[in-house]
Amino acid sequence: METMRDAISLLSYFVLPLILVGFPLYGLIKRVPVYESFVEGAKEGFQVAVRIIPYLVAILFAIAMFRASGAMEALTKALNPVLGLIGFPAELLPMAIIRSLSGSGSAALVVDMINQYGEDSIFVKMASVMYGSSETTFYVIAVYFGAISIRKTRHAVPAGLIADAAAMLIAVWTVRLLFHG
Amino acid sequence: MLNYIWAGLIISSLVFALGYDIRDLSVDKYRNGQPLPVELAFPQGYDSAARRVPVEIRIAPDQYASFYQTDQAPAPSYPGYLVQTKEGVQLRFAAGSKLPEPLATIGKVSKSRDDELQGLLSEFNPPGTNAAVVFEPVQFVKLNAIASAALDFAKTGAEIALGLVGVLSLFLGLLKIAEDSGIVFALVKLVRPILRPLFPEVPADHPALGMIALNLTATLFGLGNAATPFGIKAMEELQKLNPSEDTATNSMVMLMAINTAGIQLVPPVLLLALMGTQINTLIFPILITSVLGMIVAIVAARLLGRLPGYRASDPNRKA
C-alpha cells in the first residue's frame, strides 16, 4: 500500500508541471502562436469568476445561516433513532450532514473529532474517510453551474445528495470492515 | 429541488434560531440583570483613585453551577481589570480568557471592545474582596448569529470567487493553447470509448470530452486548483451543445455528479496534515468509498434523468 502511495504521489508531482510546460511546448511544436493563445484564453478568467459570485453567495449564506441557527443539533437529535437501525454511529451524523454543505465546516469537524476522540479512534477514521472520499456537493453545484449561468439544475442536487448519502454509509462500513471497530 | 432546499435552509434557520432564543428567554439562561457573585484579588493592591486597577477574578464553581444551571465549571481564576468612573466600577475579563458557557456567549454577544467580557460591579466595598457583577443583558443570541453568519459568508462567497481569478486565468489560458494545438482533440480520441457511454448526448469528436478527461485527471491526482478550471471549461463546452440558456442537460448533471464524488488517488492535503502517517492506513478505504460513491453518483444521475418530470425538463428533448 505504501509503495503504491509513494508511486502515485511521485507521479502527482509531475502532472502539474507536465500541463504547465507540456501544453505550451506542444503548441510551439505545432506552430501555434502560444502567447497569443494563452492571453486569449486567460482573458475569460475574470468573467468566469465574477459570474460565479451570485451563485456562490446564494449557497454559502444559506448554509452559514443554517449552521449558525443550531438547526444541526436539532436535526442530529431527530435523526438519531433512525440511524441506529442501520448501524450508523451517532457521533458521525454531524459530519455526514455537513460534508455536502461546507468544505471548511467538515474539515473543522475532523479537527474537533481528533481533539475529542484521538487520532486512533474508529470515529476519526470514519470521519477522515468521509472527508477524503467526497466533495462538497453544494460548492461544486454553485461553481460549475454558476460559471455557465445555469439556474435550473434539474436532477443535479438529488443525484449529488444520493451519492453523498451512499458514500457516508459506505465510509462507515468500509472502516468497520477493515479495522474491526 | 435546489429552490426548495435553499428556501428550506433559510426558513428552518429562522425557525430554529427563534425556537432556541425563546427557550433561552423562557428559562432565563443568561440571568439578565441578576448579579453573579465573584471574589476579587488585587495582585498590585487596590487604589480607589486609579482609573484602571488590575484584578484577579475568582468564581466559585458551585455558585456558578447553581447560578447558570450548568455543569460547566469556571477556571480557578481569570485575569482582568477594573475601570473606575463616576458612573460606577466596571469589571472586565482580559481578552482571550477561556470562559465557560454561558459567559463565553455573553462576552461574544455584548460586542464589547477587544472581545473583553465586561459587566457592572455591585456590592463592592473595598477593602472587602467579595462583590457581584451584572453583565449586559443578552437576548436573541441565535437570531443575531444567523444574521451575522449570512453577512460574513456573503463576503466569503465573493472572496472565494475572486480568489479564483488568477488560477482560472492561468488554466483557461493553457487550455486555449491545448485547444489550438490539437491536444484536446487527441485526448478526445483517447478517452472516447470510456466517456462516450456516460455522455451520450455529446457528439463523438466534441472537445467537451477532452475537457472532461482533463477535469477527471486533475481530480484523480488531487490537483483541485486545476480540476476546477478544467471542470468549468468542460461545462462551457457542454453549454455550447445546450439548446437552453438556463436549464442543465443530462450531460452536465452527469459531470457534476462525477465531480461531487471527488474520486482521487492522492489523499487531500488537509487530511495528510491532520492525520500524519495514519493516512497510509486510510488511503485504501478512501479509495474504495470514493469509487463506490462515484458509481452510485453515475447510476443516480442516469436513473433520475429517466424520471418523467426530469425528462420533460430536458432541454435536448424540447429542441
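**Exercise 1. The nonpolar core**

Task: In this predicted model, find which residues touch the most other members of the largest nonpolar core, and which helix gives the most to this core.

Solution:
- Step 1. The largest nonpolar core holds 146 residues.
- Step 2. Within that core, the residues that touch the most other members are Leu56(A), Met65(A), Ala127(A), Ala159(A), Ala163(A), Ala257(B) and Ala297(B).
- Step 3. The helix that gives the most to this core is helix H3 (residues 44-68) of chain A, with 15 residues.
- Step 4. Take Ala257(B) and set aside its neighbours within four places in sequence. In chain A, Ala257(B) is in contact with Ala159(A), Gly160(A) and Ala163(A). In chain B, its contacts are Ala297(B), Ile298(B), Ala300(B) and Ala301(B).

**Exercise 2. The side of chain B that touches chain A**

Task: Describe the side of chain B that touches chain A by its elements and by its division into nonpolar, polar and charged residues.

Solution:
- Step 1. Contacts join 90 residues of chain B to 89 residues of chain A.
- Step 2. On chain B, two or more residues each come from helix H1 (2-26), helix H4 (141-163), helix H5 (165-181), helix H8 (224-240), helix H9 (250-261), helix H10 (269-275) and helix H11 (279-305).
- Step 3. H11(B) gives the most to this side, with 17 residues.
- Step 4. By residue type, this side of chain B has 61 nonpolar, 23 polar and six charged residues.

**Exercise 3. A helix pair across the two chains**

Task: Work out how H8(A) is placed against H8(B), and which residues meet.

Solution:
- Step 1. Helix H8 of chain A covers residues 137-147. Its axis and that of H8(B) come within 8 Å and cross at roughly 45 degrees.
- Step 2. Because of that angle, H8(A) is oblique to H8(B).
- Step 3. The crossing of H8(A) with H8(B) is right-handed.
- Step 4. From H8(A), Val143(A), Tyr144(A) and Ala147(A) take part; they meet Thr228(B), Gly231(B), Ile232(B), Met235(B) and Glu236(B) in H8(B).
- Step 5. The residues of this contact comprise five nonpolar, two polar and one charged.

**Exercise 4. Val109(B)**

Task: Decide whether Val109(B) is buried or exposed, and list what it touches.

Solution:
- Step 1. Val109(B) lies in helix H3 (residues 103-109) of chain B.
- Step 2. Val109(B) has 20 other C-beta atoms within 10 Å. The cut-off for a buried residue is 20 or more, so Val109(B) is buried.
- Step 3. Not counting residues up to four places away in sequence, Val109(B) touches Val138(B), Val141(B) and Asn144(B).
- Step 4. Gly224(B) is 115 residues from Val109(B) along the chain, and their C-alpha atoms are separated by 37 Å.

Note on methods
Residues numbered from 1 in each chain as written. Chains lettered and ligands numbered in written order. Predicted model: local features only at pLDDT ≥ 70, side-chain atom pairs only at ≥ 80, totals over all residues. Contact = placed C-beta atoms within 7 Å. Helix = DSSP H or I, 4+ residues; strand = E, 2+ residues; numbered from the N terminus. Nonpolar A, V, L, I, M, F, W, Y, C, P; charged D, E, K, R; others polar. Axes fitted to C-alpha atoms, helices over the stretch in contact; angles between N-to-C directions. Parallel < 35°, antiparallel > 145°, perpendicular 65-115°, else oblique. Left-handed = near helix turned anticlockwise from the far one by under 90°. Buried ≥ 20, exposed ≤ 12 C-beta atoms within 10 Å, placed from the backbone. Core = buried A, V, L, I, M, F, W, Y, C linked by C-beta atoms within 7 Å.
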